[in-house]
Amino acid sequence: LFPDMEALISWLNTTSDTVFSTLGAKEAAALTSVRCFSERLWLRILPSAGGLAACLSAGFSPRHIICMQGPFSTELNAAMFKESGASVLITKESGPEGGFPQKLEAARLCGMKVAVLERPRESEGVTLGEIRTMIEKGEI
C-alpha cells in the first residue's frame with residue numbers, strides 16, 4: 001500500500017520490472033518520473049480522446065496504451081497482464097465497482113506483485129447548518 005504517487009513512484013524506481021497501470025490517464029504525467037517509463041509501463045485508460053492525447057504527449061508509446069471501458073473480468077485482466085509481460089500491477093483502491101477484486105485475482109493468477117495507491121482518507125466535514133452558525137458567531 002502506498003499513501004501517494006510520490007511513494008509509489010519511489011518504490012517503482014527501485015525495480016526494473018515491467019508495470020501494468022490501471023491508474024488511468026490522470027496519473028500518466030506523474031508516471032513519467034518512473035525510470036525508463038516509456039519501455040517499462042503499460043497504461044490502461046478510459047477510451048477518451050483527451051486521455052489518450054495526455055498519455056501520448058507525456059511520452060508513452062501507443063503500443064503501451066490500452067483504451068478500454070471496464071469493468072473487466074478476472075480472465076480479461078489476466079490476458080492483458082500476460083500480454084504486456086508485466087510483473088507488477090499498480091492500481092487504486094477502487095472497490096468492487098471499480099473491479100478491484102478481479103484485478104487482484106488476475107494479478108495473483110499471473111504471479112504479479114501488486115502496488116495499491118490508497119484512497120485518500122476522507123476528512124471530517126461540517127454541515128451547512130454548522131457553517132451558518134460559525135458565520136453568525138463570527139468564527140469564519
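Here are a few worked exercises on the structure above, which is a predicted model.

**Exercise 1. Find the members of the largest nonpolar core that touch the most other members, and work out which elements feed this core.**

Start with the membership: the core holds 21 residues, and Leu 8, Leu 31, Phe 60 and Ile 90 touch the most other members. Next, look at where the residues come from. At least two each are supplied by α1 (5-12), α2 (28-31), β2 (41-45), β4 (88-92) and β5 (113-117). The top contributor is α1, with four residues.

Now zoom in on Phe 60. Leaving aside residues up to four places away in sequence, Phe 60 touches Ala 28, Leu 31, Thr 32, Phe 37, Leu 41, Leu 43, Cys 55 and Ile 65. Don't stop there, though: a second, separate core has 12 residues, including Phe 20, Met 80, Leu 89 and Ala 107. As a rule of thumb, nonpolar side chains in soluble globular proteins tend to be buried together.

**Exercise 2. Work out how the buried residues of α1 are arranged, and what they pack against.**

First, list the buried residues of α1: Met 5, Leu 8, Ile 9 and Leu 12. Then check their directions around the axis: they cover an arc of only 95 degrees, so they sit on the same side of α1. As for partners, these buried residues pack against β1 (19-21), α2, α3 (37-40), β4 and β5. Last, have a look at the N-terminal end of α1, which Asp 4 caps: one of its side-chain oxygens lies 3.3 Å from the backbone nitrogen of Glu 6.

**Exercise 3. Do the same for α5, then see what sits on its other face and what follows the helix.**

The buried residues of α5 are Thr 74, Asn 77, Ala 78, Met 80, Phe 81 and Ser 84. Looking down the axis, they fall within an arc of 165 degrees, so they line one face of α5. Flip to the face turned away from that buried side and you'll find the exposed residues Glu 75, Lys 82 and Glu 83. The buried residues pack against β1, β2, β3, β4 and α6 (100-109). Right after α5 comes Gly 85, which has a positive phi, near 75 degrees.

**Exercise 4. Count the aromatic pairs, and say which parts of the chain two of them tie together.**

The count is three. Take Phe 20 and Phe 81: their ring centres are 4.9 Å apart with 65 degrees between the planes, making the pair edge-to-face. Phe 20 belongs to strand β1 and Phe 81 to helix α5 (residues 74-84), so this pair ties together parts 61 residues apart in sequence. Both Phe 20 and Phe 81 are buried.

Now take Phe 37 and Phe 60, which also form an edge-to-face pair, at 4.9 Å centre to centre and 65 degrees between the planes. Phe 37 lies in helix α3, while Phe 60 is in the loop between α4 (49-58) and β3 (65-67), so the pair links parts that are 23 residues apart in sequence. Phe 37 and Phe 60 are both buried.

**Exercise 5. Count the disulfides, and explain why Cys 55 isn't in one.**

The count is zero. The cut-off for a disulfide is two cysteine sulfurs within 2.5 Å. For Cys 55, the closest cysteine sulfur belongs to Cys 67 and is 7.1 Å away, which is too far for a bond. What about accessibility? Cys 55 counts as buried because its relative accessibility is 0%. Cys 110, at 23% relative accessibility, counts as partly exposed.

Definitions and conventions:
Residues numbered from 1 in each chain as written. Predicted model: local features only at pLDDT ≥ 70, side-chain atom pairs only at ≥ 80, totals over all residues. Heavy atoms only, no water. Core = buried A, V, L, I, M, F, W, Y, C linked by side-chain atoms within 4.5 Å. Buried < 20%, exposed > 50% of the residue type's maximum accessible area, 1.4 Å probe, protein only. Contact = heavy atoms within 4.5 Å. Arc of directions from axis to C-beta. Polar contact = N/O pair within 3.5 Å; in protein donor to acceptor, adjacent residues only side chain to side chain. Phe/Tyr/Trp six-rings, centres within 6.5 Å; stacked < 30°, edge-to-face > 60°.
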